[in-house]
Each structure stands twice: as structure tokens, then as C-alpha cells.
Amino acid sequence: MELDLSRPILEKNDALAAENRARLAAAGVYVVDLMASPGAGKTSTILATIAALRDRYRIAVIEGDIASKVDAEKVKAHGIPAVQINTGGACHLESRMISRALDALPLDDLDLIIIENVGNLVCPTEFDLGENAKVMILSVPEGDDKPLKYPRIFAISQAVILNKYDTLSVFDFDERAFRSAVAKLNGAAPIFTIAATKGDGVDAWAEWLGARIEAAR
Amino acid sequence: MHEMGIMAEVLESTLAAASDAGATRVNSIRLTIGELTGIVPDALEFAFEALSLGTIAEGGALEITVVPASSRCLTCGEEFSHDAYDRRCTACGSFLCEVLGGDELVISGADVDVPDPDPGPDPK
């Protein structure tokens with residue numbers, strides 16, 4: 001006997017993501033999901049973003065990692081609420097995990113939540129968390145060919161951050177080739193070149209994010 | 001890597017539907033997967049074999065239909081097929097396009113065995 005199912009494989013994740021999105025919209029909180037490889041500088045970028053925006057906005061961070069609380073501790077050390085999610089081996093965050101993390105945050109007292117996804121350029125692209133924007137960070141040492149190897153993450157991101165830009169002269173990174181490859185996948189996404197640990201270039205990224213936080217309030 | 005999680009959802013959903021239908025056996029599951037998703041069919045097969053063990057889908061087949069990528073240009077209206085690496089309009093070069101096909105992650109259906117209704121005690 002033939003069963004006609006015709007249903008999205010991730011329908012449960014998508015339904016819970018929609019719930020998260022409605023809940024966050026009601027509280028006037030803007031959420032950005034940061035995706036990158038391990039070591040690209042997600043946590044450094046978050047700390048630099050906090051430094052740039054904390055005078056204007058109330059910020060919290062949801063840290064996704066396979067294990068450990070290291071990243072959440074770093075954020076908390078700056079006096080910012082942080083919830084650590086340990087995925088216990090899973091290579092990405094899912095909307096159910098975010099739903100639980102939201103329970104632990106004072107949503108009415110927040111303007112921005114930054115989600116640090118698990119370090120991975122493939123799996124997080126498939127899962128809607130209820131965020132307003134997915135943003136990917138590539139670091140210069142990873143190489144300019146990444147859009148050719150991981151096209152989806154560039155295609156679905158609303159902005160691309162090129163981190164460790166201060167090391168451009170050290171690595172054989174062809175910025176023109178990189179920009180051209182990203183443009184073929186996603187001509188609408190701005191590319192912000194930053195050096196997160198030095199604060200270089202963070203202002204333009206913070207301004208882009210700030211405009212969206214204002215719109216969501 | 002996330003094919004394991006994807007397959008867990010497929011099996012949970014399919015086994016629940018099969019159970020609702022009174023099925024005793026799942027012979028095959030049909031999936032429709034877009035080429036832009038980055039899902040690796042071989043990894044899905046592996047996950048299916050591993051996760052179906054001990055269920056009524058064990059030993060069943062996985063039939064995967066891959067949907068090629070296509071988009072519609074929001075600037076000139078052109079509908080065009082493309083690959084995963086260049087999504088720009090082939091007619092006017094615009095990057096303002098909407099994906100028509102290639103993003104699918106769908107359980108299309110399943111072939112199951114449903115035993116005939118119990119005829120009751122043997123009259124003999």
C-alpha cells in the first residue's frame with residue numbers, strides 16, 4: 001500500500017522555529033545566527049560586536065558548542081547574559097535547543113540576541129532557528145576558495161564577514177576572486193572586512209546590525 | 001554529517017504514519033531532495049541502514065529523487081536552471097532571483113504492507 005506523505009522532513013524544526021520567531025518578534029528582539037568554521041573567530045567577532053553595540057542595545061548571547069562552557073564564560077566575563085547549549089555531538093543547532101535557551105533569557109529586557117552556531121560550514125545551513133538573519137564569518141587563513149566548496153552557506157547568508165583581514169598580506173588570499181565567487185552566489189549580501197581582535201572594520205558591521213535591531217524594536 | 005539527524009526525522013515521521021495506517025512493514029521510503037541542499041544521498045543511505053535496524057523499515061529501500069536547481073529572475077522574469085555555484089540570471093545577470101527548485105527536503109511517500117483485516121477466529 002502506498003502512503004502519500006508529502007511533508008517537509010524538517011517540519012517539526014520549522015514549526016518550532018516559527019514559534020521562536022513569533023515569540024521574539026513579540027518581545028521586539030532581533031536575532032542573528034552566526035555561522036563559521038571552528039577557529040574563524042565567531043567568539044571574537046561576538047565580543048567585538050558587543051563592545052560596539054552595548055552602549056546602545058541590551059544584548060544576550062546563545063553559545064552553541066558540541067561540548068564545554070568556554071565561550072559562554074568569555075561572554076559572561078564581559079557582563080553579558082549568555083546561555084550555553086551543548087549539542088552533545090550534534091553538528092548544528094536546532095530550533096528546539098533555541099526554544100529552551102530563550103526560556104532562560106529575559107526577552108523583554110533585550111534588543112539583540114547573538115547565536116553562535118556550532119563550528120561547521122554545512123549542517124547549520126539547513127536548520128531554521130527562528131532567527132532574523134543568518135550571517136557567516138570566513139577568516140582569511142581559510143582561503144578564498146571556500147565559496148566554491150561550501151556554496152550554500154554563502155548563498156543563504158544575509159551578510160558575510162571576512163575576519164582576520166589584517167592577515168591578508170601573510171596568506172595567499174585572492175580577495176577579488178573571493179568577492180566574485182560570493183557575488184555569483186549571493187549578490188545581495190554585503191561583505192564586511194574586519195579584524196575582530198583589533199576592532200578594525202567592526203563599525204560598518206555594527207552599523208548594519210544596528211539598523212536591523214532598530215527596525216525590529 | 002547532519003544526514004543522521006535528517007534521517008532520524010524521516011524515520012520517525014514515516015514510522016508514525018505507517019503505524020497509523022496499521023502497517024507491519026515499510027518496503028520503501030521516497031524522498032525528494034534538492035541539489036542545493038548539500039545533502040549527500042550516500043550519507044542518507046548509510047544513516048537509513050543504521051537507524052532503521054530493529055524497526056519495521058529494516059531492510060527496506062530508500063528511493064531518492066534529486067531535484068535540479070532552477071530560479072526565476074525577479075528583474076527580467078527569466079526562468080533558468082543553474083548549478084550550486086552561480087545563481088545569477090542567465091539572461092540579464094541579475095542576482096535578484098527566487099529559487100524555484102533545488103531547496104527541497106521532502107518525504108514524498110512510503111510503500112508499506114498492511115495486513116488484511118483480521119478475519120476473526122477460524123470457523124473450524
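This note comments on two protein chains, A and B, and on the interface between them in a predicted model.

1. Chain A. The secondary structure of chain A amounts to eight helices and eight strands. Measured out along the principal axes, its C-alpha trace extends over about 60 × 50 × 35 Å. The radius of gyration of chain A is 17 Å, and a compact globule of 217 residues would have a value near 17 Å, so chain A agrees with that expectation.

2. Chain B. This chain contains two helices and six strands. In sequence order, the elements of chain B follow the pattern α-β-α-β-β-β-β-β. The box that holds the C-alpha atoms of chain B, taken along the principal axes, is roughly 80 × 30 × 15 Å. For 124 residues, a compact globule would have a radius of gyration near 14 Å, but the value for chain B is 20 Å. The student should compare this outcome with that of chain A, where the radius agrees with the globule rule.

3. Extent of the interface. Chain B brings 33 residues to the contact, and chain A brings 29 residues. The size of an interface is often expressed as the accessible area that is lost when the parts come together. Between chain B and chain A, about 2,700 Å² is buried, and 60% of this lies on carbon and sulfur atoms. On the side of chain B, the residues that lose the most area to chain A are H2(B), E9(B) and Y85(B), which together account for 22% of what that side buries.

4. Polar and charged links. Four salt bridges are counted between chain B and chain A. One salt bridge is formed by R152(A) and D103(B), whose closest N and O atoms lie 3.1 Å apart. Across the interface, 13 residue pairs are in polar contact, with both residues at pLDDT 80 or more.

5. Makeup of the chain B side. Three elements of chain B, namely α1 (3-20), β1 (25-34) and β6 (105-113), each supply at least two residues of the side that touches chain A. By class, the residues of that side comprise 19 nonpolar, six polar and eight charged.

6. Strand pairing between the chains. Which strand of chain A is joined to β6(B)? The partner is strand β1 of chain A, residues 2-8, and five bridges join the two strands, which run antiparallel. Within this pairing, L3(A) stands opposite A110(B) of β6(B). The strand β6(B) is also one of the elements that supply at least two residues to the side of chain B touching chain A.

Methods
Residues are numbered from 1 along each chain as its sequence is written. Chains are lettered from A and ligands numbered from 1 in the order in which they are written. This is a predicted model: local features need pLDDT of at least 70, side-chain atom pairs count only at pLDDT 80 or more; totals for chains, interfaces and linings use all residues. Side-chain values use heavy atoms; hydrogens and water are left out. Contact means heavy atoms within 4.5 Å. Buried area is the accessible area (1.4 Å probe) that two parts lose on being put together, summed over both. A salt bridge is a side-chain nitrogen of Lys or Arg within 4 Å of a carboxyl oxygen of Asp or Glu. A polar contact is a pair of N or O atoms within 3.5 Å; within protein, one must be able to donate a hydrogen and the other to accept it, and residues adjacent in sequence count only if both atoms are side-chain atoms. Helices (H or I, at least four residues) and strands (E, at least two) are DSSP runs, numbered from the N terminus. Ala, Val, Leu, Ile, Met, Phe, Trp, Tyr, Cys and Pro count as nonpolar, Asp, Glu, Lys and Arg as charged, and the others, Gly among them, as polar. Two strands pair if DSSP finds at least two bridges between them. The radius of gyration is taken over C-alpha atoms; the globule rule is 2.2 Å times the number of residues to the power 0.38.
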